[in-house]
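The following questions and answers examine a protein structure through its strands, helices and surface. Please consult the sequence and the coordinates alongside the text.

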Amino acid sequence: MIETVLNTEIWDGQTVQDLLSIEFLAQVLGSVLAAIVILVIGFIVAGWVSRRIKKVAKGQPHLDNTLFDFFANILRYVIIGFAFLFVLNTFGVQTTSVVAVIGAAGLAVGLALQGTLSNVAAGVMLILFRPIRQGDFVEVNDQMGTVQSITLNFTELASIGNVQIVIPNSEVWGNTIKNYSGYDTRQAEWTFGVGYGANLADAERIIRETIMADARSRPEPEPFIQVNNLNASSVDFLVRVWVASDQYFAYQADMKRAVKEALDAGGIDIPFPTRTLVKAA
């Protein structure tokens, strides 16, 4: 009975007795050790290549970190994938058959995960064409914040209040993107109202001098300061001045207060709505 079991052929012409032989066990042990060595080397090389690519991007300020991170991760997975194929080849597995199986499985998975793959496709487009980058202040899909990261599946923003916002890439790529950091400068705009009895020339001079005295104000292009509207109780000045994009929000708020205080000091009346109540007889 035992002899029958030992002589039973179970794999590639090999019997149980052959598989239990010292030569076969040594061969299997050698393949296992070779596979471990290949995997260790593969992971080490993949990690080293990935870190080197990212280091190159960080050492060059004019290069986009997002794009290099994307290529570093892709290359890392490619190297690890080849390492696994070498391991399978070590055990005598036909890698061409494995690749065919992976291709068929990939098609099935792709059909089942169409939504996820659309995010991946959009992520690739965002990374390659780079309409937004890490550190940009943007408005996407009615969400506003600073871009923290762009992965293959989603884009992460940090709101003004430092709240994490995660948006699927398909919604980012498929919607209008407002990139407030896209250009080096932006045009700040205010409307300042003065009373009808005010000297308009003095009011314009005070507004111009106050705003242009701030070091953040750009003299070129020429600032626009003109009467724009005659309201029921005020004469409105429309003011437009160029400023660096990264200074825009603080600058706009500071100038509102500075101009208000300067008009008060210059004796220029700033009207506000009033209502007269008549007592019924």
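Q: In β10, which residue is the bridge partner of Thr 185?
A: In this predicted model, β8 and strand β10 (residues 235-244) pair in the antiparallel sense over ten bridges. Thr 185 takes part in this pairing, and its bridge partner in β10 is Ala 244.

Q: What is the order of the strands in the open sheet of three strands?
A: The edge strands are β8 (185-194) and β9 (224-230), each of which pairs on one side only. The twist averages 25° from one strand to the next. With antiparallel pairing, the order is β8-β10-β9.

Q: At about what angle to β10 does helix α8 run?
A: Helix α8 comprises residues 200-212 and lies across β8, β9 and β10. Its direction relative to β10 is given by an angle of about 20°.

Q: Which strands does α9 touch as it packs on the sheet?
A: Helix α9 spans residues 248-265. Its direction makes about 25° with that of β8. The strands touched by α9 are β8 and β10.

Q: Is Glu 261 buried, partly exposed or exposed?
A: Glu 261 lies in helix α9, and its C-alpha atom is separated by 9.6 Å from that of Thr 210, 51 residues apart along the chain. The relative accessible area of Glu 261 is 44%. Buried requires under 20% and exposed over 50%, so a value of 44% makes Glu 261 partly exposed.

Q: Which residues does the cis peptide bond with an omega of about -5° join?
A: The bond involves a proline found in the loop between α8 and β9, namely Pro 221. With omega at about -5°, the peptide bond is cis, and the residues joined are Glu 220 and Pro 221.

Q: In what order do the five strands of the other open sheet stand?
A: The pairing in this sheet is antiparallel. β6 (164-168) and β7 (177-179) stand at the edges with a single partner strand each, so one side of each is left without a neighbour in the sheet. The twist averages 40° from one strand to the next. The order is β6-β5-β4-β3-β7.

Q: Which residue in the hairpin of β3 and β4 takes a positive phi near 55°?
A: Strand β3 (residues 137-140) and strand β4 (residues 143-150) pair in the antiparallel sense over four bridges. One of the pairs places Val 138 with Gly 145 in β4. The hairpin has two residues between the strands, and the residue with the positive phi is Asn 141.

Q: How many residues lie between β4 and β5 in their hairpin?
A: β4 and β5 pair in the antiparallel sense over four bridges. In β5, Thr 155 is the bridge partner of Ile 150. The number of residues between β4 and β5 in the hairpin is three.

Q: Which residue in β6 stands opposite Leu 157?
A: Strand β5 (residues 154-158) runs antiparallel to β6, and five bridges join them. Opposite Leu 157 in β6 stands Ile 165.

Q: Is Asn 162 buried, partly exposed or exposed?
A: Asn 162 lies in the loop between β5 and β6. Although not a glycine, Asn 162 has a positive phi of about 60°. Its relative accessibility is 65%, and exposed means over 50%; Asn 162 therefore counts as exposed.

Q: What is the relative accessibility of Arg 130?
A: Arg 130 is found in the loop between α6 (114-129) and β3. This residue has a positive phi of about 50° although it is not a glycine. Arg 130 counts as partly exposed because its relative accessibility is 28%.

Q: What is the area of the nonpolar surface patch that includes Val 32?
A: Val 32 is found in helix α3 (residues 22-59). Patch residues need over 30% relative accessible area, and Val 32 has 31%. Together with Leu 29, Leu 33, Ile 36, Val 40 and Ile 44, Val 32 makes a patch of about 520 Å².

Q: What percentage of the residues of the protein chain count as buried?
A: The secondary structure of the protein chain comes to nine helices and ten strands. The chain exposes about 18,200 Å², of which carbon and sulfur atoms supply 60%. Of its 281 residues, the buried share is 30%.

Methods. Residues are numbered from 1 along each chain as its sequence is written. This is a predicted model: local features need pLDDT of at least 70, side-chain atom pairs count only at pLDDT 80 or more; totals for chains, interfaces and linings use all residues. Side-chain values use heavy atoms; hydrogens and water are left out. Patches are made of residues with over 30% relative accessible area and no salt bridge: like charges are joined within 9 Å, nonpolar side chains (Val, Leu, Ile, Met, Phe, Trp, Tyr) within 5 Å. Accessible areas come from the Shrake-Rupley method with a 1.4 Å probe; for residues, only the protein chains shown count as cover. A salt bridge is a side-chain nitrogen of Lys or Arg within 4 Å of a carboxyl oxygen of Asp or Glu. Buried means under 20% relative accessible area, exposed over 50%, partly exposed in between (1.4 Å probe, protein chains only). Two strands pair if DSSP finds at least two bridges between them. Axes are lines fitted to C-alpha atoms, for helices over the stretch in contact, and angles run from 0 to 180 degrees between N-to-C directions. Contact means heavy atoms within 4.5 Å.
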